Amino acid sequence: MKLFAEHEGERHEIEIRVEDLKVFARVGEKQYELEAREVEPNTYLFNLGGRIYECYVAPKNAAGVNRVRQGTKTFDLKLSDPKRLRGAQALGDAAEGTAQIVTQMPGKVVRIVAEVGQEVKTGDSIIVVEAMKMQNEMKSPKDGVVKEIRAKAGATVNAGDVLAVIE
């Protein structure tokens with residue numbers, strides 16, 4: 001999975017690959033191999049070369065920025081998925097038609113946040129999926145109404161599965 005991270009005005013390309021319990025990451029030209037797990041909501045432990053790092057990642061604010069705290073350091077980080085950016089740009093502000101919320105990797109549905117028929121805004125939480133012991137909040141890519149929820153809490157999902165449809 002490729003992402004972009006914005007930190008202190010600089011944009012970095014990140015690539016993440018998950019195999020079993022290992023996470024392989026590339027940030028710019030640097031390569032990392034680590035283990036990651038969520039120990040509490042929004043709190044993660046990273047094992048990198050035998051050193052353990054605990055990070056708290058606050059939910060995104062209205063500007064789409066996460067405040068991250070690692071030890072005594074706190075910083076703002078904005079992550080974006082270039083695939084989602086392309087889809088959002090194609091939709092535009094006055095999007096017509098339907099948008100699908102699709103999983104990027106296999107996992108388990110932790111909870112369904114929205115209900116069929118509910119009005120949602122861009123960025124509203126729809127469904128939460130756990131993959132590699134990390135919870136991923138799947139959000140609405142547009143303003144609209146939840147037309148379908150295609151998964152149930154506790155269900156196992158595969159990469160590419162359509163979990164919800166927003167109209």
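## Close-up views

**Figure 1. Arginine 67 and aspartate 76 meet in a salt bridge.** With a relative accessible area of 47%, arginine 67 is partly exposed (from 20% to 50%; buried is under 20% and exposed over 50%, with a 1.4 Å probe and protein chains only). Its partner, aspartate 76, is partly exposed too, with a relative accessible area of 34%. Look for the spot where the two side chains meet: the N to O distance is 2.8 Å. That counts as a salt bridge (a side-chain nitrogen of Lys or Arg within 4 Å of a carboxyl oxygen of Asp or Glu). Side chains of opposite charge can pair when their charged atoms come close.

A quick note for every view: this is a predicted model, so local features need pLDDT of at least 70 and side-chain atom pairs count only at pLDDT 80 or more, while totals for chains, interfaces and linings use all residues. Residues are numbered from 1 along each chain as its sequence is written, and side-chain values use heavy atoms, with hydrogens and water left out.

**Figure 2. Arginine 17 has two partners, glutamate 19 and phenylalanine 24.** Here's a residue doing double duty in the picture. In its salt bridge with glutamate 19, the closest N and O atoms are 2.7 Å apart. Arginine 17 also lies over the face of phenylalanine 24, at 4.5 Å from the ring centre (for a charge over a ring, NZ of Lys or CZ of Arg is within 6 Å of the centre and within 35 degrees of the ring normal). How exposed is arginine 17? Arginine 17 counts as partly exposed because its relative accessibility is 44%. Glutamate 19, at 38%, also counts as partly exposed.

**Figure 3. Arginine 11 sits over the ring of phenylalanine 4.** Find the face of phenylalanine 4, and you'll see arginine 11 lying over it, 3.9 Å from the ring centre.

**Figure 4. More salt bridges link Glu13, Glu15 and Arg26, and arginine 150 and glutamate 148.** Glu13, Glu15 and Arg26 are joined up in a network. Over at arginine 150 and glutamate 148, the side chains come together at 2.9 Å, N to O. Arginine 150 is partly exposed, with a relative accessible area of 44%, and glutamate 148 counts as partly exposed at 28%. How many salt bridges does the count come to? The tally is eight.

**Figure 5. Glutamate 8 and asparagine 42 have positive phi values.** Most residues other than glycine have a negative phi. Glutamate 8 has a phi near 50° and belongs to the loop between strand 1 (2–7) and strand 2 (10–19); strands are DSSP runs of E, at least two residues, numbered from the N terminus. Is glutamate 8 buried or exposed? With a relative accessible area of 72%, glutamate 8 is exposed. For asparagine 42, phi is near 70°, and you'll find this residue in the loop between strand 4 and strand 5. Asparagine 42 counts as partly exposed, at 25% relative accessibility.

**Figure 6. Strands 4 and 5 help line the second largest pocket.** A pocket is an open set of points on a 1 Å grid where a 1.4 Å probe fits, with protein on both sides within 12 Å along at least five of seven lines; lining residues have an atom within 4 Å of a point. Strand 4 (30–40) and strand 5 (43–48) each supply at least two lining residues. The lining includes Leu21, Ile52, Met132 and Lys133. Also look for Glu35, Ala36 and Arg37, which are among the lining residues, as are Leu45, Phe46 and Asn47.

Technical notes: Helices (H or I, at least four residues) and strands (E, at least two) are DSSP runs, numbered from the N terminus.
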